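Colleague: Please take one part of this model and look at it closely for me, namely the charged side chains that pair with one another. I would like to follow the pairs one by one, with each term explained as it comes up.

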Amino acid sequence: MESIIRVDGLAKHFSVRKHYKGRFAPLKNFFTREASTVKAVDDLNFEINPGELVGYLGPNGAGKSTTLKMLTGLLVPSHGEVRVSGFNPWKERKAYVRHIGAVFGQRTTLWWDLPVVESLELLKYVYHIPEARFRENLSHFIDLLELSPFLGTPVRALSLGQRMRADLCAALLHDPRLLFLDEPTIGLDVVAKERIRDFIKYLNQERKTTVILTTHDLADVQKLCQRIMIIDQGKLLFDGGLERLQERFGGKRQLIVDFAEHYPDVHVAQAQLKDYQNRRAIYEFDRRELSASELIGQVSSQFQIQDLTVREPDIEATIRNIYEKQLLKVPET
Amino acid sequence: MGLYLKLVGVQIRSQMRYRSQFVLDTLALLLVTGLEYASLALVFERFKSIQGWSLAEVAFLYGLVEMAFGLTDMIFGGFDAPRFGRFIRQGSFDQMMLRPIGITLQVLGSDFNLKRFGKMAVGVVIFSYALSHLSITWTVAKLLYFPLVVLGLVLFFGGLFIIGATIIFWTVESTEVMNIFTYGGSFMMSYPMNIYETWLRNLFTFVVPAIFLNYYPALFFLGKPDPFNFPAFAPFLAPLAGLAVFLISLGFWRFGLKHYQSTGS
Ligand SMILES: Nc1ncnc2c1ncn2[C@@H]1O[C@H](COP(=O)(O)OP(=O)(O)O)[C@@H](O)[C@H]1O
Ligand SMILES: [Mg+2]
């Protein structure tokens, strides 16, 4: 399949002027031009195929927003090549942005003083959206995002969650094939988050929109992303499916069994018995050593089972583990 | 163009929602400018004229510049430096870059403020006062040239606005200083240039060609002699000088945009 995004050796280095502190600091700051270089993004290489839903993760300051800014043409890279839908984002800005949608965190693309619906109408002209298509999309998104209660409200009076929903609608009226979302759920309550996740899922599954999103909320990742990229200090540390991430770095899986009767000893060979009371046993096992079906086979060959569940390790814990223990070490430069 | 009018249209509509606010703002502005002018009139009361310019003649110049500046302020409000600085800091400028239309057009259409209509109205009142107290013989040439002078002034002030906004790309913080350019410039240009010290006048002649936009055209309309012995075509440079400043400012603006795209701050 032809990739929709191709990134080769992408880098963005910012030159940050040194700021002195203490006595004479203002003078020093004024007269010195000493600068240090921040490698916000450093030699990224990846491809994304049409229809993928990619979670772009990393701790604060990892370079996520900077990457998204380069992919959307807001920033010119220091090095490297970006090709999105056949465009060079920063050289062909006007033609390019017609094909993408982007929502950057807590910033709004809507006109501050205008009622939501008037902003949306204005976008019809900005993107030259045919009237019929515009009406169709608008009414559809109004339903899905439940915008009706605040369509007539000026944007400045909206809650954060309402604004994010309105902004998502605004970013999609022109049927972009690609959607960039920088922290779409930050600062929202549980209900609002869920609504936005459902919507993103719908876009990806029904409309085949390719989505790249950054987030701190791992529930977003767990519910949405087929593919995960982890970046730290500007370098790509992991690129693959959730499964593989769990395999490599995840904690143990759990098998929870309810026995039909009480057995005095329910230990089995390869799994560790974590807990056993009221005829319920919790086994922990490592997916690299044992598959769930093997374990279930083992247990059921010795005991009568009434019910069972396999519990995957918590992704949140996995990723925290990766960040904290620096399991994916950035090579020293 | 159609889109520009759309952008401006919605702003006017949203401003009309706060009609009482609009009326109050306009009244306040009229009052302030009125007082400013009244104090000037008091000075004339005692001296009758300033360096060969009567009150009505100064009013002609003052009204002309105020009208043009009010018009500029209305059209180029999006480039008003403090406002534009806020725009960048809040990320609204990035949002403009995400839309498939020209950035300059969007900034131009981002702040069409009716409030500033008041400023222009003040200019019109003062200018009318001047006309009623002067006996200018309006030849065809003068009638034809007058709109060109206003156009030149609007381009000139527009250029200053754009330069002020562009500097923000480098100094995102200190934005109020840029007002010296625009408001300060228009203030100085409201008075005849012969009242200023030579160095200042030279600055306004050779560095910033302001003198060809206000002073010389005024000499022409009022039929006054040129104390500085410039060539006879000096009064007719206004549209050219305005256009030159405007084009230079656009070049600088494009350069600033490039800088912004590479630093993102
Ligand atoms: N415009 C800028 N100028 C200088 N440094 C910047 C700029 N933007 C980001 N940085 C720096 O680059 C690094 C990556 O920032 P960012 O991409 O915003 O991280 P993230 O979105 O992953 O939290 C940080 O160290 C940040 O301070
Ligand atoms: Mg960020």
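Modeller: Let us begin with D113(A), which is partly exposed at a relative accessible area of 35% (buried means under 20%, exposed over 50% and partly exposed in between, with a 1.4 Å probe and protein chains only). This is a predicted model, in which local features need pLDDT of at least 70 and side-chain atom pairs count only at pLDDT 80 or more, while totals for chains, interfaces and linings use all residues. Residues are numbered from 1 along each chain as its sequence is written, chains are lettered from A and ligands numbered from 1 in the order in which they are written, and side-chain values use heavy atoms, with hydrogens and water left out.

The partner of D113(A) is R156(A), and their side chains meet in a salt bridge with N and O 2.9 Å apart (a side-chain nitrogen of Lys or Arg within 4 Å of a carboxyl oxygen of Asp or Glu). Because D113(A) sits in the loop between β5 and α4 of chain A, and R156(A) in the loop between α5 and α6 of chain A, the pair ties together parts that are 43 residues apart in sequence (helices, H or I of at least four residues, and strands, E of at least two, are DSSP runs numbered from the N terminus). R156(A) is also partly exposed, with a relative accessible area of 35%.

A second salt bridge joins E146(A) to R195(A), whose closest N and O atoms are 3.2 Å apart. Since E146(A) belongs to the loop between α5 and α6 of chain A, and R195(A) to helix α7 (residues 190-206) of chain A, this pair ties together parts that are 49 residues apart in sequence. Both ends have some exposure: E146(A) counts as partly exposed at 39% relative accessibility, and R195(A) is partly exposed with a relative accessible area of 22%.

The setting changes with E52(A) and R227(A), which form a salt bridge with their closest N and O atoms 2.8 Å apart. This pair links distant parts of the chain, for E52(A) lies in the loop between β2 and β3 of chain A and R227(A) in strand β8 (residues 227-232) of chain A, 175 residues apart. Here both E52(A) and R227(A) are buried.

Charged residues can also join in a wider group, as with K193(A), E194(A), R197(A), D217(A), D220(A) and K223(A), which are linked in a network of salt bridges. Over all chains, a search of the whole structure finds 21 salt bridges.
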